[in-house]
Amino acid sequence: MKEDSHDLLFPSPQKRVVPVLVPMPAPGPYSYSLPEGMDAAPGAIVQVPLGPRKVIGVVWDGGQTAVDARKLRPVEKIFDCPPLDEPMRRFIDWVAAYTLSPPGLVARMALRAPAAFDPDPMVEGLRFCGHVPEKLTPARQKVLDMAGDGLSWTKSGLAHAAGVSSSVIEGLLRQGVFEQVFLPPPPLVAPPQADYAPHRLAGHQHDAAEVLVDAVRAARFSVALIDGVTGSGKTEVYFEAIAECLRQGRQALILLPEIALTTAFLDRFHDRFGSKPAEWHSDLATRTREKVWRQTATGEIRVVAGARSALFLPFENLGLIIVDEEHDPAFKQEDRVFYNARDMAVVRARLGNLPAVLVSATPSVESQVNSQQGRYQRIHLPTRYADAAMPDLHLIDMRRHPPERGGFLSPLMLRAVQKTIEKKQQALLFLNRRGYAPLTLCRVCGHRFQCPDCSSWLVEHRFRGQIQCHQCGHAEPTPQACPECGTLDHLVACGPGVERIAEEVERHFPEARTLVLSSDLGGVKRLRLELEAIARGEADIVIGTQLVAKGHNFPLMTLVGIVDADVGLANGDPRAAERTFQLLSQVTGRAGRTGLKSHGLLQTYQPQHPVMQAIVSGDAQAFYDREITEREKAALPPFGRLVSIIVSADSRAEAEGHARQLRQAAPPVSGIMLLGPAEAPLAMIRGRHRFRLLVHGRRNSDMQGFVRAMLENGPKERRSIQVQVDVDPQSFL
């Protein structure tokens, strides 16, 4: 009896128990037994049964559990795959705890390529075995000259290298000239060479590069913020840090907000290092993603350039993390696990004891404050690379210089565009509104076209003949008559989108080559081609949304016109001024990057607004100082902390009732204030009613503990209720 109870609490080594974290919203790992002869250390990727299914999981930390292994289901398979290392496992636990997300859902982001867990099959190859064919043609001689050193080749590789057809190789193989061998699969990208084509940096750029190179050599945690004007050579500077990382035999990760569109960046990387980095983003083919995952884990891939999810790739020997355009809102994920990749990149660097570099011409207020307080080392680049001049920026007061009736472009803007295209240069007109018009209404009865499933207007897309909701994607043909009063031909488009600006441009400049750049008008492949066409000068006037602000380099672009500079200021978002300043600064920075004289014009009805004054004066520091002071007075981030809790349900009453019960369950904590519940600004999305609670606390407040206690003490999610927690929210819609 004693022996049985001892076995019950402490299973024999033949039946060890291991915790396995599975990619589902469970609060922690499940216990599984290890069959005799199987060994799985923490980090090993395994296959385990879960209910009727077989799922992938990771053996987690925590040691042996005091349960009867005979009552547990066994681990079925250990994949022949590098394990998730200890810093990566700590990172997953940290992200889960900080974002109040189930750790299994965070681990799921690191296990997104299940077919990559087993090694790729060997590739058939051939090797010269010394036999010379009876008939030696010139083509065959080329093959023998190439393969005579006894190295192994693939058939296609040898044919390509020798400049012959594959039939020549097949003929030699049949005659016994080659023996068949098996080769490891080729790498997805060639290894970059640290000293392939180094840039000659001088002045501020050289000094900045030296600081980063020293940080990489130190091989310990540090954070640097490169704050430089648009076109100041920030990319060339951090390329030198990557080069040093490669010399040390380590890997580098570059996070970019729109890597799928930035072919120019990939080309610049290739020119510097002799090969492109591996890409990681949602538009990759499944098989390519699997290869990137596997070869990153094995260390074959040395540099990855990717979107925010690349942060969860299992690097074999990561030595440097770079976050380019660190201010960009695209780094915030707002689905399932809510996290900011910029902040999590710093956490991953700290846990892995390696340097992180944040890069931006318009850093976030949070990063500015961190640099002022000494947490980050600030590296300032005040001038453009190769001494190219910044554009001359001017405001167009729309009260004094209004557009003609039915138009949206001031006469001053139109004259500037005319002069630009006469000089065979390019003009960019920026408006951050997709489609033709943001609202359609009836002149007779005032009916407004609204999405049936969301609290948002239907946006007219005249190019496609549709009105569409930008929240849920609902679309219907553009109507000819009002559905409310039945009147024909009395529907009016209110306000401009990029398609409407294009219509106005074509009316004024019918001979100009006009291109509209918007995510509505094609997939990633088409957008890439259009961006390349602009860079080659194949468009005279470009009308674009925020896509054009993503670090692109257009050599002939000498005029940037902001159609509605006030558009981002007209909401209650506490980050509205910061976002508007960043976006407009980035867009105007597209002009004159190659040294040509350039101009930026901003149409505004608020010329005295601090954002407008900061942009045209070039005094970014004055804007940041004012914004930081305002944030500190209101205890807003980074001087205070926020957590947004969205409660949604199929009915309004259900959502509101659950939110009110959550509020009642909140613990009384000094220094933390709970606001709401109130209807979210977008009160309905996809047919679900939404109420918001906002938690506001001091910088040192235990916000996670407060929210965790409220959720544990409050009502459970039943029926259609869903609760989403967003720690450090970036959007307030």
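Colleague: What makes glutamate 290 count as buried or exposed in this predicted model?

Modeller: Glutamate 290 has a relative accessible area of 12%. Buried means under 20%, so glutamate 290 is called buried.

Colleague: And why is arginine 287 called partly exposed?

Modeller: Arginine 287 comes out at 38%. The partly exposed class runs between under 20% and over 50%, so arginine 287 belongs there.

Colleague: How do you know that arginine 287 forms a salt bridge with glutamate 290?

Modeller: The closest N and O atoms of the two are 3.1 Å apart. The cut-off is within 4 Å, so the pair counts as a salt bridge. Both residues sit in helix H10 (residues 286-298), 3 residues apart, which is about one turn of the helix.

Colleague: What about glutamate 170 and lysine 155, what makes that a salt bridge?

Modeller: There the closest N and O atoms are 3.5 Å apart, and the limit is within 4 Å, so the pair qualifies. This one links distant parts of the chain: glutamate 170 is in helix H6 (residues 166-174) and lysine 155 in helix H5 (residues 155-162), 15 residues apart.

Colleague: Why do glutamate 170 and lysine 155 count as partly exposed?

Modeller: Glutamate 170 has 31% relative accessibility and lysine 155 has 30%. Buried would need under 20% and exposed over 50%, so both are partly exposed.

Colleague: Which class does glutamate 460 fall into, and why?

Modeller: Glutamate 460 has a relative accessible area of 6%; the buried cut-off is under 20%, so glutamate 460 is buried. Its salt-bridge partner is arginine 462, with the closest N and O atoms 2.8 Å apart. Arginine 462, at 39%, counts as partly exposed.

Colleague: How many salt bridges does the structure hold?

Modeller: It holds 38.

Colleague: Let's turn to the sheet. What makes S30 and S32 edge strands?

Modeller: The open sheet has 4 strands in the order S30-S31-S29-S32, with antiparallel pairing. Strand S30 (672-685) and strand S32 (722-727) each pair on one side only.

Colleague: How do you know that S29 and S31 are paired?

Modeller: Strand S29 (residues 640-649) and strand S31 (residues 688-698) are joined by 10 bridges and run antiparallel. Pairing takes at least two bridges, so S29 and S31 count as paired. Among the partners, isoleucine 646 is matched with arginine 692 in S31. Helix H19 (residues 652-664) packs on this sheet, touching S29, S30, S31 and S32.

Methods:
Residues are numbered from 1 along each chain as its sequence is written. This is a predicted model: local features need pLDDT of at least 70, side-chain atom pairs count only at pLDDT 80 or more; totals for chains, interfaces and linings use all residues. Side-chain values use heavy atoms; hydrogens and water are left out. A salt bridge is a side-chain nitrogen of Lys or Arg within 4 Å of a carboxyl oxygen of Asp or Glu. Helices (H or I, at least four residues) and strands (E, at least two) are DSSP runs, numbered from the N terminus. Buried means under 20% relative accessible area, exposed over 50%, partly exposed in between (1.4 Å probe, protein chains only). Contact means heavy atoms within 4.5 Å. Axes are lines fitted to C-alpha atoms, for helices over the stretch in contact, and angles run from 0 to 180 degrees between N-to-C directions.
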